[in-house]
Amino acid sequence: MPRPRVPLLSRERIREAALELIDRDGLPELSMRKLAAELGVQAASLYGHYPTKNDLLADIAAGIMAGVDTSAFGTGDWRTGLMSWARSYRAALVRHPNFVPHLAAGPGTTEEALRAADAVHGGLVGAGWPPRQATMIGAATRYVVMGSTVGSFSRGFVDDVQVYRDRYPHLEQAHLLRAKADEIDAESFELALESFVSGLEIRFTAIEERRARRRERSAES
């Protein structure tokens, strides 16, 4: 019997099947045995491509992070860079919310994640933020992004108006939220992001004013 021209398995096919399984059943449900069953092969067949499940998860994470755009930091405007990065980051994660807990552990050691972290930190420091502040801003932005993707506030409500009408008078419209979940979730993220950046602008202005006063005192002495 002739051997198939196209291999039955490839790293790309394994990654895609694993991510589909995670999207459907959740991250804790991923195992090499269950993934092999999804692909119609034996678990041993997977280990030639990915020696461990952690290797597979790292490759999936790299693929997701490759879609995150940090190029706007090149403009020199930290506000534009930060907001563009956050929106791109959310867009990449919102498609795979069940995978977010794995990414939330930290930037990891993948080239894509470290490249993004380097671009964000370098863009903020280059625009005038102190390094410590830049680190905290990068972390805080990740919290905003990941918090907006790990679950949906609006989908937590049910469509039955009777659940809310009599007992919760201030939630009389809550039964309508689920139908508009995507819209509300996206706009809520924008509200959080814009409010966050507005607060940072106040802090940045104060930093620049302190620097100006130090330069004045230095010039006088």
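Let me start with what I mean by an aromatic pair: rings of Phe, Tyr and Trp, taking the six-membered ring for Trp, pair if their centres lie within 6.5 Å. What we have on screen is a predicted model, and by that rule the count in it comes to six aromatic pairs.

Here is one of those pairs. Phenylalanine 153 and phenylalanine 157 sit edge-to-face, with 5.2 Å from centre to centre and 75° between the planes. Which of the two partners is buried, and which is exposed? Phenylalanine 153 counts as exposed because its relative accessibility is 60%, and exposed means over 50%. Phenylalanine 157 has 13% relative accessibility, so it counts as buried, the limit being under 20%. There is also a ring cluster to look at: ring pairs link Trp78, Trp129 and Phe204.

Now let's step back to the whole chain. It has ten helices and zero strands, so if you like reading topology strings, this one is α from the N terminus to the last element. As for overall dimensions, the C-alpha atoms fill a box of roughly 90 × 55 × 25 Å along the principal axes. The radius of gyration is 23 Å, whereas a compact globule of 221 residues would be near 17 Å. Of those 221 residues, 34% are buried. The chain exposes about 13500 Å², with 53% of that supplied by carbon and sulfur atoms. And for those of you who think in contact maps: among contacts between residues at least 6 apart in sequence, 66% join residues at least 24 apart.

On to the core. In soluble globular proteins, nonpolar side chains tend to be buried together. Here the largest nonpolar core has 50 residues, and those touching the most other members are Leu35, Leu46, Leu93, Phe99 and Trp129. Helices giving two or more residues to this core include H1, H2, H4 and H7, while the largest share, eight residues, comes from H5. What does leucine 93 touch, leaving out residues up to four places away in sequence? Its partners are Ile64, Val100, Leu103, Val145, Met146 and Thr149.

Two helices deserve a closer look, beginning with H10, which runs from 181 to 220. At 1.5 Å a residue, its 40 residues should span 58 Å, and the end C-alpha atoms are 59 Å apart, so the two values agree. Its buried residues are Ala181, Asp185, Phe189, Leu193, Val197, Leu200, Phe204 and Ile207, and they pack against H5 and H8. You'll recognise Phe204 from the ring cluster.

H8 is the other one. With 19 residues, H8 reaches 27 Å from first C-alpha to last, close to the 27 Å expected. Among its buried residues are Gln133, Thr141 and Arg142, along with Val145 and Met146, the last two being contacts of leucine 93. The buried residues of H8 pack against H5, H6, H7 and H10.

Let me finish with a single residue, alanine 58, in helix H4. At 32% relative accessibility, alanine 58 counts as partly exposed, because that lies between the 20% and 50% limits. Not counting residues up to four places away in sequence, alanine 58 touches His102 and Thr110. How far is alanine 58 from aspartate 77 in space? They are 19 residues apart in sequence, and their C-alpha atoms are 32 Å apart. Thanks, everyone!

Technical notes. Residues numbered from 1 in each chain as written. Predicted model: local features only at pLDDT ≥ 70, side-chain atom pairs only at ≥ 80, totals over all residues. Heavy atoms only, no water. Core = buried A, V, L, I, M, F, W, Y, C linked by side-chain atoms within 4.5 Å. Buried < 20%, exposed > 50% of the residue type's maximum accessible area, 1.4 Å probe, protein only. Helix = DSSP H or I, 4+ residues; strand = E, 2+ residues; numbered from the N terminus. Contact = heavy atoms within 4.5 Å. Expected span 1.5 Å × (residues − 1). Rg over C-alpha atoms; globule rule 2.2 N^0.38 Å. Areas by Shrake-Rupley, 256 points an atom, 1.4 Å probe, with all protein chains shown as cover. Phe/Tyr/Trp six-rings, centres within 6.5 Å; stacked < 30°, edge-to-face > 60°.
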